[in-house]
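The following paragraphs lead through the arrangement of helices and strands in one protein chain. Please keep the sequence and the structure in view while reading.

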Amino acid sequence: VFFVTNNSTKSRKGYKAKFDSLGLNVNPEEIFSSSFAAAAYLEQTSFKETGKKVYIVGERGIQEELDLIGVPWIGGENDKSQTIELKPGYALPHDEDVGAVIVGFDRNVNYYKIQYAQLCINENPGCQFIATNLDAVTHLTDAQEWAGNGAMAGAIKGCTGKEPLVVGKPSPLMIDYISSKFAIDKSKICMVGDRLDTDIVFGNSNGCQSVLTLSGVTTEEKYKGQDSIVADYYCDSIADFS
């Protein structure tokens with residue numbers, strides 16, 4: 001079993017601690033977060049060898065994954081309290097050695113981070129724009145839906161005019177990594193999840209089987225009220241697997 005999540009706020013180490021607290025024996029190698037996917041992409045493309053660094057719009061999960069592969073970074077949680085005093089003649093300085101901007105879910109996103117990211121992307125030749133995911137909303141509490149990383153990535157897209165490279169679901173990067181690393185044919189993989197636009201599309205578009213669980217964001221009424229995304233199977237919850 002592999003656990004695949006678009007939540008980039010935690011690293012594999014962070015999710016391992018969460019699983020441990022729940023009494024679940026899960027190996028870090030079985031955890032695939034979008035923060036890990038971003039780091040894996042940089043490793044696969046030999047980003048470290050360029051001598052460049054990464055600017056992070058995001059939280060600790062991305063920082064920890066980049067530390068593990070030895071890629072230098074700036075921004076992230078260090079910039080959560082940064083402000084800009086707009087006055088005549090002022091220009092925000094930025095690091096010209098930034099070769100990639102990674103945008104992940106950020107509960108402390110601010111104007112400084114958006115401006116810094118757009119300067120790197122627009123003014124640093126060849127600077128990559130990477131998004132962990134484009135989820136429109138996320139569920140931070142059980143009371144309502146909250147703006148997801150699509151809002152953060154959308155802000156950067158809006159001021160750069162550039163499309164991000166998406167490394168999380170439904171992008172094929174994580175499923176390709178799992179298939180290659182563990183020598184598993186994609187047709188033998190079944191993606192189980194509660195979101196149509198990420199989980200089920202992730203499975204369907206990457207040659208896997210798909211199972212929609214109705215215990216999360218997608219109700220049976222919502223699922224049957226559309227026909228653009230169809231899972232191979234659906235069930236009330238993963239408890240039905242037993």
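How many residues does helix α4 have, and what distance does it reach from its first C-alpha to its last? In this predicted model, α4 spans residues 111-123, which gives 13 residues, and reaches 18 Å, close to the 18 Å expected at 1.5 Å a residue. At the start of the helix, a side-chain oxygen of N110 comes to within 3.2 Å of the backbone nitrogen of Y112. Y112 is itself buried, and the other buried residues of α4 are K113, Y116, A117, Q118, L119, C120 and I121. These buried residues pack against the strands β3 (53-57), β4 (73-75), β5 (98-103) and β6 (128-131), and also against helix α5 (149-160).

The strands just named belong to an open sheet of five, in the order β4-β3-β5-β6-β9, with parallel pairing. Because β4 and β9 (165-166) stand at the edges, each with a single partner strand, one side of each is left without a neighbour in the sheet. The parallel pairing of β4 with β3 runs over three bridges; Y55 has I74 in β4 as its bridge partner.

Two helices may be placed relative to these strands. Helix α4 lies across β3, β4, β5 and β6 and runs at about 145° to β3. Helix α3 (residues 60-68) lies across β3, β4 and β5, at about 165° to β3.

A further packing region involves helix α7 (residues 196-204), whose buried residues are L196, T198, D199, I200, F202 and G203. The buried residues of α7 pack against the strands β1 (3-5), β10 (190-193) and β11 (209-213), together with the helices α6 (173-181) and α8 (220-224).

Technical notes: Residues numbered from 1 in each chain as written. Predicted model: local features only at pLDDT ≥ 70, side-chain atom pairs only at ≥ 80, totals over all residues. Heavy atoms only, no water. Helix = DSSP H or I, 4+ residues; strand = E, 2+ residues; numbered from the N terminus. Expected span 1.5 Å × (residues − 1). Buried < 20%, exposed > 50% of the residue type's maximum accessible area, 1.4 Å probe, protein only. Contact = heavy atoms within 4.5 Å. Polar contact = N/O pair within 3.5 Å; in protein donor to acceptor, adjacent residues only side chain to side chain. Pairing = 2+ DSSP bridges. Axes fitted to C-alpha atoms, helices over the stretch in contact; angles between N-to-C directions.
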